[in-house]
Amino acid sequence: TLSRVEIQHDLAALENFFPENWSINCYRILQEAVTNALKHSGASRVVIATRRIDKNLEIEITDNGKGFSDAADAEGIG
């Protein structure tokens, strides 16, 4: 639990997936996504799930926060 936010994770699919030092880039992507959820969503729970599908990696990050507007005039991508 961080800042009263529960973070659940299943990162097993990352094990030995990336060659050489590519895993640091994945770490930075995950870090940015979780940071955004903590800063902007008002969530009390963030879930990170990883899955291998054939030779691909799927990363899913969900939270129970307020979401974002999909209005055409909204700034950013959420």
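**Exercise 1. The sheet**

Work out the strand order of the open sheet in this predicted model, and find which strands stand at its edges.

*Solution.*
Step 1. Three strands make up the open sheet, in the order β1-β2-β3. The pairing is mixed.
Step 2. β1 (6-10) and β3 (56-63) each have a single partner strand, so one side of each has no neighbour in the sheet. These two are the edge strands.
Step 3. From one strand to the next, the twist averages 10 degrees.
Step 4. Now take β1 and β2. They pair in the parallel sense, over five bridges. For Q8, the bridge partner in β2 is V47.

**Exercise 2. The helix and the core**

Place α1 relative to the strands, then list the residues of the largest nonpolar core.

*Solution.*
Step 1. α1 lies across β1, β2 and β3. Its direction is at about 15 degrees to β3.
Step 2. The largest nonpolar core has eight residues: V5, L14, C26, L30, V34, A37, V46 and I48.
Step 3. Sort by element. α1 and β2 each supply at least two core residues. α1 gives the most, with four.
Step 4. Look at V46, one of the core residues. Beyond its neighbours within four places in sequence, V46 is in contact with V5, E6, I7, Q8, V34, A37, I61, T62 and D63.

**Exercise 3. S41 in its loop**

Locate S41, decide whether S41 is buried or exposed, and trace the polar contacts of its side chain.

*Solution.*
Step 1. S41 sits in the loop between α1 (23-40) and β2 (45-53).
Step 2. Its relative accessible area is 9%. The cut-off for buried is under 20%. Therefore S41 counts as buried.
Step 3. A polar atom of the S41 side chain lies 2.6 Å from the backbone oxygen of A37. The S41 side chain also reaches the backbone nitrogen of A43, at 3.0 Å.
Step 4. Set aside neighbours within four places in sequence. S41 is then in contact with N36, D63, G65 and K66.

**Exercise 4. The aromatic pair**

Find the aromatic pair in the structure, classify its geometry, and state how accessible F17 and F18 are.

*Solution.*
Step 1. A search of the whole structure gives one aromatic pair. The partners are F17 and F18.
Step 2. An aromatic pair is described by the distance of the ring centres and the angle of the planes. Here the values are 5.1 Å and 85 degrees.
Step 3. Planes over 60 degrees apart count as edge-to-face. The F17 and F18 pair is therefore edge-to-face.
Step 4. F17 has 25% relative accessibility and counts as partly exposed. F18, at 25%, is also partly exposed.

How values were computed: Residues numbered from 1 in each chain as written. Predicted model: local features only at pLDDT ≥ 70, side-chain atom pairs only at ≥ 80, totals over all residues. Heavy atoms only, no water. Phe/Tyr/Trp six-rings, centres within 6.5 Å; stacked < 30°, edge-to-face > 60°. Buried < 20%, exposed > 50% of the residue type's maximum accessible area, 1.4 Å probe, protein only. Polar contact = N/O pair within 3.5 Å; in protein donor to acceptor, adjacent residues only side chain to side chain. Contact = heavy atoms within 4.5 Å. Pairing = 2+ DSSP bridges. Axes fitted to C-alpha atoms, helices over the stretch in contact; angles between N-to-C directions. Core = buried A, V, L, I, M, F, W, Y, C linked by side-chain atoms within 4.5 Å.
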